[in-house]
Structures are given as C-alpha cells and as structure tokens.
4 protein chains.
Amino acid sequence: MIHFGNDYHRTGHPAVLSALVKAQDSYPGYGEDPLCEKARAEIRNACAAPEAGVHFLMGGTQVNTTAIAATLRPWQGVISADSGHINTHETGSVEHSGHKILALPGHLGKITAAQVTQCVEEYRSSGTMEHAVEPAMVYISQPSEYGTVYSLAELRELREVCDRFSLTLLVDGARLGYGLAAGDATLPDLARLCDIFTIGGTKCGALFGEAIVFPHGGDAYFRNAMKQNSALLAKGWLLGAQFSALFHDNLYEEITAHANEQAQRIAHAFAAAGIDMLFDSPTNQQFALLTQEQEDELSQNYVCQFFEPHGDLRAVRFCTSWSTNDEDIDALVGDIANLAR
Amino acid sequence: MIHFGNDYHRTGHPAVLSALVKAQDSYPGYGEDPLCEKARAEIRNACAAPEAGVHFLMGGTQVNTTAIAATLRPWQGVISADSGHINTHETGSVEHSGHKILALPGHLGKITAAQVTQCVEEYRSSGTMEHAVEPAMVYISQPSEYGTVYSLAELRELREVCDRFSLTLLVDGARLGYGLAAGDATLPDLARLCDIFTIGGTKCGALFGEAIVFPHGGDAYFRNAMKQNSALLAKGWLLGAQFSALFHDNLYEEITAHANEQAQRIAHAFAAAGIDMLFDSPTNQQFALLTQEQEDELSQNYVCQFFEPHGDLRAVRFCTSWSTNDEDIDALVGDIANLAR
Amino acid sequence: MIHFGNDYHRTGHPAVLSALVKAQDSYPGYGEDPLCEKARAEIRNACAAPEAGVHFLMGGTQVNTTAIAATLRPWQGVISADSGHINTHETGSVEHSGHKILALPGHLGKITAAQVTQCVEEYRSSGTMEHAVEPAMVYISQPSEYGTVYSLAELRELREVCDRFSLTLLVDGARLGYGLAAGDATLPDLARLCDIFTIGGTKCGALFGEAIVFPHGGDAYFRNAMKQNSALLAKGWLLGAQFSALFHDNLYEEITAHANEQAQRIAHAFAAAGIDMLFDSPTNQQFALLTQEQEDELSQNYVCQFFEPHGDLRAVRFCTSWSTNDEDIDALVGDIANLAR
Amino acid sequence: MIHFGNDYHRTGHPAVLSALVKAQDSYPGYGEDPLCEKARAEIRNACAAPEAGVHFLMGGTQVNTTAIAATLRPWQGVISADSGHINTHETGSVEHSGHKILALPGHLGKITAAQVTQCVEEYRSSGTMEHAVEPAMVYISQPSEYGTVYSLAELRELREVCDRFSLTLLVDGARLGYGLAAGDATLPDLARLCDIFTIGGTKCGALFGEAIVFPHGGDAYFRNAMKQNSALLAKGWLLGAQFSALFHDNLYEEITAHANEQAQRIAHAFAAAGIDMLFDSPTNQQFALLTQEQEDELSQNYVCQFFEPHGDLRAVRFCTSWSTNDEDIDALVGDIANLAR
C-alpha cells in the first residue's frame with residue numbers, strides 16, 4: 001500500500017530524526033535549553049520578528065486550545081469557519097476550556113473580513129451584548145482544512161477588521177509550510193499581520209511538535225498557560241532539535257514545496273483522466289471527485305481518505321508529505337490514467 | 001407606556017406575592033422546608049409523577065446550565081436548535097461549563113427527530129468519533145423562543161430517537177405554561193416523555209424562580225450540582241411559597257391561558273389591519289411584520305421589541321403576561337387599527 | 001423553638017419586604033431599572049465612592065465565584081484562609097470555575113499580611129513559577145466565618161501587600177453589616193482599601209441578594225460575567241428595591257448593630273454561667289463551649305448549630321439576626337443560667 | 001558538570017531511541033497502530049491483566065489531569081497528599097479541569113488509609129454534604145515525590161478504604177520503575193489493587209511518554225477524553241515503539257533498578273561523610289542535608305537541586321537515572337568524602 005491518507009503517517013524527515021538522535025547531552029528541562037534557543041532564533045529570523053515570543057508544544061489541538069484559552073476572557077468567544085479544525089475535530093477542546101466557537105459558514109474552508117465584520121456588528125448592535133458571547137478572536141487555518149490558501153490581500157483585510165474591532169488574529173498553521181509554498185503570504189507577512197500564529201511540525205516533516213509565535217511579544221504568561229494545559233514537555237529540547245533542523249537551510253520550505261509539487265502531479269493526472277476535483281487546490285491536499293467504483297479501485301493499492309459526499313460522487317482526499325517520492329506518484333498517476341470511467 | 005416588551009417586566013401575580021409575604025416563620029435553609037415540600041408535592045401531583053425529583057432554582061440560564069453540566073460527561077455535547085436560548089442568549093454558559101452545543105438549523109424555533117437522528121448517525125459513522133463531540137442530550141424549548149409549540153406527536157418522536165441513541169431529553173420550559181395552554185402535550189405527557197424538564201416561574205407569574213423536574217428520579221446528585229452552580233437559594237422557601245401558590249387551584253394554567261388569549265386578540269387586530277405575522281403563534285408571543293414607520297408609531301405608546309429583520313419589514317415582538325389586562329389590549333387593538341399603511 | 005441556628009432562617013426585614021411589595025410598576029429587566037439605580041446611588045454615597053460600579057446578584061456563592069472567575073486569568077489562584085467560605089462551603093465553585101484556592105492556615109478565621117507576603121515570595125522565589133499557581137488575589141471575609149473582624153489597621157496592611165505584589169483584594173461581606181457595626185473599618189474605608197467587596201443582603205435583613213462594589217470602577221465587563229454565571233436576575237428591580245430599603249436611613253447599620261447587641265447578651269449569659277466561649281466574638285455569631293449534655297438541653301428549645309469539636313467540649317454556634325427580639329434572648333439567657341454544670 | 005538534577009535531563013535509553021528510529025514504515029495515526037498494540041500486549045502481560053485498557057500519553061501532567069477529569073463528576077474532588085505532584089507542580093491543572101484537590105498532610109510524601117477514612121467520614125457526617133466537595137478519588141504517587149514507596153500492605157489498606165467508600169484509586173507512576181524496583185508491590189499487585197495507574201516513561205528511560213492502565217477495563221470513553229485534553233498524539237506509534245522497547249526483556253525494571261543502586265551509593269557516601277539524609281530513601285532520589293557551603297561546593301561540579309529548607313540546613317536532591325554511570329558516581333562519592341564539615 002502506498003500512503004496518501006494523510007501527512008502524518010510517517011516518522012520525521014531524516015534531517016529531523018538525525019538532529020533528535022544527536023541530542024545526547026544533558027539539558028535543562030521544559031524548553032529552557034540551547035537547542036530550543038537556537039530554534040527560536042532561527043524562527044525569529046525567518047519571520048523577521050526579532051522580538052517574537054516562540055514556544056514549542058506537542059500537537060495541534062494543544063497549541064490551538066492553549067492559545068485560545070490563554071487569550072480570551074471567560075465571556076469571550078472565537079470566530080471560526082464552521083469547517084475549522086477547532087470546530088470539528090478537536091472533541092470540543094475549546095468549549096472544554098470554557099469558550100464558545102462562533103462558527104461562520106466557510107467557503108472552501110475560508111472566511112472573509114466581511115463575514116467577521118457582520119458578526120461583530122450584529123453583536124454590538126444587539127442591545128443585549130451581555131447576553132451573548134463577545135467575539136474577541138478570529139481563528140483561521142493557513143492553509144485551510146480544504147487545502148486552500150488565504151492570499152496576502154485577504155490576510156490584510158482580516159488584519160484591518162481585527163484592528164477595527166480589537167480582535168486577536170490567530171492563524172492555525174498546522175500545515176503552514178504547504179501554505180507558504182503555495183501562496184503569496186510569507187512568514188514575515190504572517191508575523192506582521194497576525195497576533196499569534198503556529199508553525200506546524202507534525203504534518204510538515206517533524207516527528208511531532210508545533211511552534212507558536214507571538215510576533216509582537218507580550219507572551220510572558222504563556223509558559224504558565226502551557227504548563228497548566230499539559231503543554232510543557234519535560235525534555236523540551238526534543239522539540240528544539242526538530243525545529244532547529246526544520247529551519248536550517250530552508251528545509252521546512254523545501255520539503256513542503258516538494259509535497260505541493262507532488263500533489264500537483266496528482267491533480268494533473270486526474271485532470272488528464274477527465275476526473276474533476278472538488279476545487280482547485282494549490283497545496284498538498286487534493287480532493288478528487290470519484291465514483292464509488294473508482295475509489296474502490298484506487299483503494300486497492302493506495303491509502304486515501306473519503307472526505308465528503310458530492311452529489312452522486314465522493315470527494316476523496318489524496319495527501320502528500322515530505323516522504324512522498326516520485327515512485328509513489330508515478331504509480332498513482334499510472335493507475336489514475338487506467339481508471340474505469 | 002403600556003408594556004408588551006416581555007413577560008418579566010412586572011412583579012409576580014398577586015397570589016404569588018401574597019404567599020411570599022405570608023411566609024413569616026423560621027424555616028430551614030436551602031430548600032429543605034415545608035413550603036418547598038408542599039410545592040414539590042403539588043408539582044408531582046400535577047405531573048402524575050409521584051417519584052419525581054423536584055428542585056427550585058432562581059433563573060432560566062441557571063437551571064439550563066446546571067442541568068446540562070450535571071448530566072453530560074466532559075466530551076459530550078447537547079443538540080439544540082440554533083435559535084435555542086442556550087445557544088443565543090446565555091453568554092455561552094453551557095460552553096463555560098465545558099460543553100459544546102451542537103446547533104441544528106431550527107424551523108420556527110423547533111428541531112425534528114429526523115434532524116437529531118441525522119446528527120447522531122453522522123457522528124457514529126464518522127470513523128473518528130473520539131475526534132468529535134459526542135451528541136448525548138437533546139435540548140428543546142417548549143414553547144420555543146419563537147412561541148411555537150411541540151405537539152405531543154413531535155415529543156413522542158423525539159423520545160423515540162432519544163431512546164434509540166441513549167440521549168437525555170431536556171425540555172426548557174421557561175415559558176412552559178403558555179405552551180401547555182396552547183398545545184396538546186400535558187404535564188403528565190412531559191413527565192412521561194422527558195428525562196428532565198423545567199417549569200418556568202419568572203416568565204409565568206412568579207417573582208422569580210424555575211422548577212426542575214426529574215420525572216423518573218435519579219437526581220440524588222443534583223443538590224451538589226446546584227450548590228456548585230450557585231443555584232441553592234439560602235432562603236429556599238421563597239421559591240417553595242411561590243410555586244405552591246402557582247400550582248394551587250390551577251393558577252399556573254389559568255394565568256398563562258389568559259395571556260395566550262390576550263395575545264390572540266393582538267394577532268387578530270394585526271390580521272384585521274392587513275398586517276402579516278412572522279408566523280402563526282398560539283402562545284403569548286406575537287411577531288408582527290411592521291414597517292419602520294409602523295413600529296415607530298406603536299412605540300410611542302407601547303413597549304415592544306424588535307426581533308429580526310424580514311426583507312424590508314421588521315418582525316416586532318408583542319408579549320403578554322399574567323398582568324396584561326383588557327384595557328391594555330383594547331388600547332393596542334385600537335392603535336393597530338389606526339396604523340398608517 | 002426559637003431560632004439561633006443562622007441569620008437566614010427568616011424572611012426579610014419588614015421595610016425590605018414592604019419595598020419589594022410596593023414595586024408594582026413595569027420595569028426594564030436585568031438590573032437596568034430606576035430601583036437599582038437608586039440603590040446604586042445610595043451605596044455609592046454610603047461608600048463615599050461616587051465612581052463605584054455596583055451590581056446586584058442573588059447569593060453569596062454566586063457573587064464570590066463570579067467575581068473571582070471574572071478577575072483571574074486561568075493560571076492564577078486566590079489566597080484564602082483555610083476556613084474561608086469559598087474553601088469549605090461552596091462545593092468547589094471556585095475550582096469549578098478553573099481556579100485553585102491557595103489556602104493559608106487562618107487564625108480565628110483571619111489571615112495576615114505577613115502570611116500573604118510569605119505565600120507570594122515563596123512562589124516568586126521558587127524558580128519554577130510556571131509550574132505552580134500564581135497567587136493573584138486575596139480573599140478575606142469581613143467578618144470572618146468565625147465572626148471575627150479585620151481591624152482597619154489589618155486591612156491597611158493587606159492593602160499594602162496587595163499593592164506591593166499587584167494582587168486584587170476581594171472582601172466577602174456576606175455578613176458585612178455585623179462587621180461594620182463591630183469593627184473600626186467603615187464602608188468608605190473598605191471602598192478605599194479594597195478592589196472589590198460585597199455587601200451581603202441575605203444574612204443581613206434582605207430576602208435575598210448581595211451587592212458587589214468595584215469602588216474604583218473598571219467593571220465594564222462584569223455584566224457579561226454575571227450573565228454567563230447565571231447571576232443576572234431577570235426582574236433585577238427586586239434586588240434594587242431591597243437594597244434601596246436597606247441603605248435608606250441607615251437601616252442596614254441599625255439592624256446589624258441590633259443583632260450584635262443581642263449576641264453580646266448571649267455571650268454575657270454564658271460568661272455569667274461560667275461557660276467559656278471558643279473566643280471573644282464581637283459580632284452576631286457566638287460560639288459557646290458546651291458539654292454534650294448542655295447542648296442537648298438547650299437544643300430542646302433552641303435551634304443552634306454544632307460548629308466543631310473542642311477537646312471534650314463542643315463549640316456550638318448561636319447566631320442572631322435582625323429578627324432576634326428581646327423575648328428570644330430573655331428566654332435563652334434564662335435557660336443558660338439554669339444549665340446543668 | 002555532571003547531572004544529578006533530575007531524571008529527565010537526558011534523551012531516552014539507547015534501546016528506546018533505537019526503536020524510535022527504526023519505526024520507518026507508514027502507520028495509522030492516533031495510537032491505532034501495530035507498535036502500540038505490541039506495547040499494550042507487553043504491558044498487559046507484565047501486569048497479568050489481560051483485559052486491561054492501555055493508552056499512551058505524552059506527559060505526566062497530561063495523564064494525571066486527563067484521568068482525573070475523565071473520572072470525576074463536576075462536584076467531586078480528589079484526595080491527595082499536600083505534596084502530591086498534582087497539588088504542587090502542575091499549575092493547577094486539576095482545578096483548571098474544574099475539580100478541587102482535597103489535600104491531606106503527607107508524611108514523607110505519603111498518605112494513609114486512616115487519613116482517607118477520616119476525610120470521607122467527616123464529609124459524610126457533616127450534614128451539609130451538598131455544600132462541600134465530595135471525596136471520590138484517591139491519588140497517590142508511587143514512589144512519592146519524596147522518593148518513598150508505598151508497601152504492598154499500605155496499598156491493600158488504601159484499596160480496602162476505596163472499596164468501602166466507593167472511591168477510585170489512581171496511582172501516579174511517573175517514576176513507577178524506581179518504586180517497583182525498591183518496594184514489594186509488583187505490577188500485577190498494582191493492577192489488582194488500583195482502578196487506574198500510570199507507568200512513567202519520561203523519567204524512566206523513554207524520550208517522552210506515559211502509559212495509563214485501566215486494569216479492569218471500562219475505559220471505552222478514554223480516547224474521547226484524551227483527544228479533548230490534547231493527549232492523542234497524531235504519530236502515536238512513537239509512543240508504542242518506546243514502550244515496546246521498555247517492556248522488552250525487562251528493560252524497564254533493569255534500568256530503574258540500576259538507578260536505585262547508583263542512588264544508594266550516593267546515600268552511603270553521605271553517611272560515610274557524616275552527613276544526614278532528610279530520610280531514608282530507597283529509590284533514585286536522595287535528599288542530603290547540606291550546609292550552604294557544602295551545597296555551593298558540590299554545585300561547582302554537579303547539578304543538584306535545592307528541595308526545601310531544614311532548620312539551618314538545606315535539603316538538596318540528587319537524582320539518578322538510566323544514564324547515571326559509575327564514573328559519575330565515583331566522582332561524586334569522592335567529592336562528598338572531601339566535603340568541608
């Protein structure tokens with residue numbers, strides 16, 4: 001079986017694993033070690049944000065929940081696309097921390113500045129604000145859960161809305177590398193436009209781990225929040241070693257760009273076979289609209305993932321990663337060409 | 001100004017107030033007094049539920065939140081119409097207690113057994129159940145926030161779904177009296193079909209207070225939950241006295257039926273004036289579709305409440321209560337007839 | 001039976017009840033009514049705090065929990081005497097809201113500025129601050145759960161510590177009237193020295209209700225917190241009417257001073273009978289050290305409350321209130337004199 | 001510098017690291033992979049608990065908080081020694097999840113069945129149970145935070161109390177290996193006597209990770225709780241690989257016994273130098289009572305950790321681990337012998 005089921009089905013990139021294995025000294029615990037310091041410096045540099053607070057956590061749900069719970073006051077909520085990971089696949093972690101998700105209908109996984117404006121204005125004009133949850137944060141995923149990417153212009157518009165209404169802008173970058181490689185918003189752009197953003201490791205070549213960046217600082221309290229949310233790894237240098245490797249010599253960029261390219265080959269193969277995609281995705285997730293028979297046929301040799309029904313067809317996700325090699329793609333491309341129609 | 005703004009703009013019904021004033025003895029605290037016992041007995045009798053657990057709390061948000069938080073496990077959520085009071089007007093109290101509301105699109109404030117079935121089946125068939133919030137409770141309002149009423153047949157269908165999927169059925173009866181008077185489901189029906197329901201006092205003639213009924217018992221823990229949620233009134237007999245008065249000689253039924261009748265007079269007046277209603281409401285809330293000019297004209301003499309926009313028109317709520325008298329209605333009916341068109 | 005069991009076993013003072021009954025107009029809901037405005041003005045005036053934010057809630061657990069949860073960030077905790085009401089008799093409401101109580105050993109219900117200093121300094125010097133709960137608030141009860149009173153000098157010392165360490169000083173005044181009448185700290189002193197304090201109604205002559213005062217303002221968010229914590233009474237004027245009555249013509253002061261005096265008569269009677277008190281209490285709670293036989297004998301005619309064992313003896317609480325009259329005390333004094341020894 | 005500061009200052013044991021590196025296949029996510037299955041089987045076997053539920057989480061705070069929050073109802077609390085890790089070093093994680101810790105005074109880190117009995121009986125006899133937190137779980141650490149070990153007899157007594165009062169017995173085994181090697185209670189004993197226990201990896205030779213064992217099953221819900229608490233690692237096989245290595249050929253037992261032996265050499269060296277220990281510890285943590293000068297002298301070459309003051313002396317912790325070798329100990333033993341007195 002060749003795996004296109006997700007981007008976390010394999011261990012870390014060899015350079016990451018090697019860095020982890022080499023970390024054989026004794027280190028102080030809880031992220032206060034030279035490896036973490038080095039990784040922080042590399043990330044600050046890549047973000048052109050010398051004052052940024054940078055922390056390393058273990059997983060995506062953890063980093064989202066900790067950031068949201070540490071930012072909001074109890075009566076405040078977070079705006080999200082209804083398809084946002086926090087709203088669908090985190091077992092209510094945000095609500096478990098006491099906060100309502102104000103879900104707006106997403107379009108291909110994204111929400112617009114206009115939607116945010118409308119949400120806040122409805123709240124503020126209600127006349128009974130204390131009876132409703134105050135929108136205080138905007139959560140977006142870059143790229144989205146559908147693999148789509150916010151453009152720099154869209155991010156600027158969201159920033160403007162957040163400034164106008166004093167909202168915190170949080171970008172979930174669980175797959176950030178793929179978004180950076182595919183879109184026009186760079187790390188320095190994110191650092192300039194967001195209040196908080198995450199740099200996903202787990203799905204982008206690390207064994208595990210997510211970085212969180214507070215580009216403008218102001219995160220003095222965050223280690224307390226991390227510890228309270230079980231997010232302060234004792235052997236924190238395991239995360240520092242990995243992120244140091246990922247941000248050395250553009251590895252993060254390189255391996256996610258590679259995965260995007262492999263994904264484009266899949267998209268082209270489906271197009272050549274006359275098979276529509278759910279939409280045009282520039283990143284490492286591709287959603288093909290297959291018949292049940294086509295899905296069954298491909299599933300004999302490939303792990304792929306049913307995503308959602310689409311009329312009579314089925315949207316099936318094919319996901320690439322750092323480990324997707326040419327042979328994997330060649331095989332799939334060949335079998336797509338031979339699919340029954 | 002004559003008030004049709006809501007059903008809690010006046011003190012309690014004279015019989016309720018009188019009962020409260022007469023409670024001049026010394027009583028044990030926290031609801032363990034003879035007045036509460038008497039009220040419990042009367043409610044059990046009215047519900048034909050001799051084994052029912054009955055408790056008295058102070059307000060609607062409190063009784064909803066306490067019941068939900070005391071029933072669900074942390075990873076479970078509650079299904080509700082998107083227009084449900086818990087989802088819109090309780091400042092995220094349910095989420096504050098750690099639980100996600102699984103909001104389904106309501107039709108005139110109501111949800112159907114088929115919608116609940118679909119929600120649970122989607123969860124169970126997802127293959128990744130532990131990544132999503134488990135639907136474990138169904139919350140409905142009787143009557144709904146739109147003044148509509150679940151029929152006995154609809155309640156039976158919801159009960160069947162809840163049995164099939166082991167869901168708890170919670171009925172928010174903040175305005176229960178109006179629903180009982182207008183619909184075909186009686187208190188014994190509710191006691192038979194629900195796991196938990198509330199009997200609203202605040203909006204139905206009491207000064208303040210809500211009863212909660214566990215018709216099949218099993219509520220040994222609930223006083224602990226009440227105290228933890230600040231819902232155990234020190235001078236609990238103040239609630240017992242009120243509910244005892246309300247459930248004596250059918251007062252609860254009588255005053256809510258009266259309010260429904262007064263509301264029908266308003267509905268007829270609008271119909272006679274050629275003004276449409278948002279929908280046909282059998283209870284004490286009437287939603288007229290007015291022009292801005294019409295709303296302004298009526299607002300000179302009457303307190304009414306803008307509810308939601310409706311195309312070019314405005315849905316404006318007129319609400320009656322135990323205190324709405326014939327003179328109030330006569331005046332409004334006359335002014336409706338004279339409205340500019 | 002004559003009741004000395006607690007100070008909330010009777011309805012409200014006649015003037016309070018009368019004010020409640022007279023509130024027969026239509027009022028806006030949720031505390032935005034003229035009666036609440038009047039009560040706020042009287043409280044601001046009594047506190048010499050013209051800028052104070054004043055809100056009315058329903059009970060003591062509620063006002064404590066809401067104030068604490070609305071003030072602390074998630075990783076912060078509240079310092080309290082181990083005997084503090086929040087630590088012993090609120091079913092873990094504070095923890096339910098997510099916060100640890102940092103309990104210090106109380107002396108007769110009180111804690112000192114030196115203890116607070118030590119607690120904060122230990123935290124700050126630990127070197128692992130993010131692994132422990134940050135002390136961020138000091139909670140004291142005035143009078144304490146033992147009926148003892150913080151002197152003005154003690155309050156000043158606590159204020160200094162709170163200033164030094166940026167701690168919020170919250171005073172639980174569930175029985176504040178008795179403390180004001182017995183001690184040397186006045187309402188304006190509290191307003192000057194505390195960040196937040198409560199003025200208890202339930203135990204001081206009201207039917208129910210507690211006022212909370214933010215003497216320096218800054219409470220814009222508090223109504224949101226109230227609603228989320230089920231603490232925004234729909235018919236809020238019921239609370240305004242009561243507090244208006246209590247703060248009219250010094251009634252609050254008068255009835256609590258009266259109760260203190262009646263309590264002193266009890267203390268003197270025990271002293272005359274050669275029975276020791278647990279300690280010298282200046283307020284409405286007196287703790288006599290009785291043999292089991294003495295307690296049994298008095299319990300035949302009086303409701304009193306076992307408090308805690310004391311060697312071979314039993315500390316038994318006798319509690320007075322606005323309603324304790326001379327006949328009640330005469331009877332008890334007589335029976336104390338006749339107690340078997 | 002030679003590290004005796006803690007037992008998590010180094011990477012994992014070579015066999016663990018090797019197993020991690022070798023896991024190069026594609027695996028299903030979230031712990032549903034063959035490596036986790038193998039580790040589960042080995043743990044069930046070592047525990048003689050074929051029906052046990054076994055899960056792998058990332059850290060100690062996480063496993064404690066998730067287990068407690070998933071077990072208790074909202075109004076219930078957990079009994080712990082005041083020195084328990086959950087009470088002192090987890091930033092209030094348990095309270096953050098809504099539950100009060102009922103802290104009992106520990107003796108060398110341990111509590112007794114008699115203390116638990118007294119705590120529960122005081123609660124049950126209070127007459128106002130709903131006003132206090134219900135003791136529903138007993139949390140102990142094996143070994144304790146002081147390195148002391150519960151004997152099999154003590155565990156049996158705790159089990160009996162838990163049975164008598166229907167309490168859940170949770171054993172925090174963050175350093176379980178050291179306790180198993182030093183005491184008379186075996187893994188099958190724990191499995192027979194506890195409801196839930198953890199097997200620490202982080203401090204016992206793993207890179208990271210803790211196993212949690214429900215020896216009698218009944219943990220169907222636990223994956224939901226894990227996901228909600230950010231405790232479901234995407235690449236779960238990273239944990240399975242490590243625990244498989246640790247439970248292969250008695251490695252876990254061997255490396256913790258080795259660390260205990262090295263610790264005994266430290267204890268003997270202090271004894272030989274006439275320096276008292278805080279108490280007699282059989283496990284990998286040794287607490288020497290040093291003068292400030294002695295501590296300063298040793299701190300020039302060794303990382304050790306100030307633990308608590310002890311009269312004029314300082315209790316200083318020396319901690320061994322899998323990586324503590326003979327040369328490390330030889331050096332320390334020599335320098336202890338030469339300490340100024």
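The following exercises, with worked solutions, concern interfaces, sheets, salt bridges and backbone geometry in a predicted model.

**Exercise 1. Describe the interface between chain D and chain A: its extent, its polar links and the elements of chain D that take part.**

Step 1. Start with the contacts: 39 residues of chain D meet 39 residues of chain A.

Step 2. Turn to area. The size of an interface is often given as the accessible area lost when the parts come together. Chain D and chain A bury about 3,500 Å² between them, with 56% of it on carbon and sulfur atoms. On the chain D side, D:Tyr8, D:Gln228 and D:Lys235 lose the most area to chain A, and together they make up 17% of what that side buries.

Step 3. Count the polar links. There are zero salt bridges between chain D and chain A, but 22 residue pairs are in polar contact, both residues being at pLDDT 80 or more.

Step 4. Assign the side of chain D that touches chain A to elements. At least two residues each come from α1 (14-22), α3 (60-71), α5 (93-96), α10 (222-228) and α11 (237-246) of chain D.

Step 5. Sort this side by class: 15 residues are nonpolar, 19 polar and five charged.

**Exercise 2. Treat the interface between chain C and chain A in the same manner, and name a salt bridge across it.**

Step 1. Contacts link 22 residues of chain C with 22 residues of chain A.

Step 2. The buried area between chain C and chain A is about 1,700 Å², of which 51% is on carbon and sulfur atoms.

Step 3. Side chains of opposite charge can pair when their charged atoms come close. Two salt bridges are counted between chain C and chain A. C:Glu130 forms a salt bridge with A:Arg223, with the closest N and O atoms 2.5 Å apart. Residue pairs in polar contact number eight, both residues being at pLDDT 80 or more.

Step 4. On the side of chain C that touches chain A, α3 (60-71) and α10 (222-228) of chain C are the elements that give two or more residues. The largest share, five residues, comes from α10(C).

Step 5. By class, this side divides into eleven nonpolar, five polar and six charged residues.

**Exercise 3. Work out the strand order of the open three-stranded sheet of chain C, and explain why β9 and β11 each have one side without a neighbour.**

Step 1. The order is β9-β12-β11, with antiparallel pairing.

Step 2. β9 (285-290) and β11 (305-310) of chain C stand at the edges with a single partner strand each, so one side of each has no neighbour in the sheet.

Step 3. Neighbouring strands of this sheet are turned by 30 degrees against each other on average, direction ignored.

Step 4. Look at one pairing. Five bridges join β11(C) to the antiparallel strand β12 (residues 313-319) of chain C. In β12(C), C:Arg314 is the bridge partner of C:Pro309.

Step 5. Add the helices. Helix α12 (residues 251-272) of chain C packs on the sheet and touches β9 and β12 of chain C, its direction making about 15 degrees with that of β9(C). Helix α13 (residues 292-299) of chain C lies across β9, β11 and β12 of chain C, at about 130 degrees to β9(C).

**Exercise 4. Locate the salt bridge of A:Lys110 and say which parts of chain A it links.**

Step 1. Over all chains, the structure holds 48 salt bridges.

Step 2. A:Lys110 forms one with A:Glu154, the closest N and O atoms being 2.9 Å apart.

Step 3. The pair links distant parts of the chain, 44 residues apart: A:Lys110 is in the loop between β4 (101-104) and α6 (113-124) of chain A, and A:Glu154 is in helix α7 (residues 152-165) of chain A.

**Exercise 5. Find the unusual backbone geometry at C:Pro143, D:Pro143 and B:Ala48.**

Step 1. Set the background: most residues other than glycine have a negative phi, and most peptide bonds are trans.

Step 2. The peptide bond from C:Gln142 to C:Pro143 is cis, with omega near -10 degrees. C:Pro143 is in the loop between β5 (134-141) and α7 (152-165) of chain C.

Step 3. The bond from D:Gln142 to D:Pro143 is cis, with omega near -5 degrees. D:Pro143 is in the loop between β5 (134-141) and α7 (152-165) of chain D.

Step 4. B:Ala48 is not a glycine, yet has a positive phi of about 50 degrees. B:Ala48 lies in the loop between α2 (34-47) and β2 (53-57) of chain B.

Key. Residues numbered from 1 in each chain as written. Chains lettered and ligands numbered in written order. Predicted model: local features only at pLDDT ≥ 70, side-chain atom pairs only at ≥ 80, totals over all residues. Heavy atoms only, no water. Contact = heavy atoms within 4.5 Å. Buried area = accessible area lost by both parts, 1.4 Å probe. Salt bridge = Lys/Arg side-chain N within 4 Å of Asp/Glu carboxyl O. Polar contact = N/O pair within 3.5 Å; in protein donor to acceptor, adjacent residues only side chain to side chain. Helix = DSSP H or I, 4+ residues; strand = E, 2+ residues; numbered from the N terminus. Nonpolar A, V, L, I, M, F, W, Y, C, P; charged D, E, K, R; others polar. Pairing = 2+ DSSP bridges. Axes fitted to C-alpha atoms, helices over the stretch in contact; angles between N-to-C directions.
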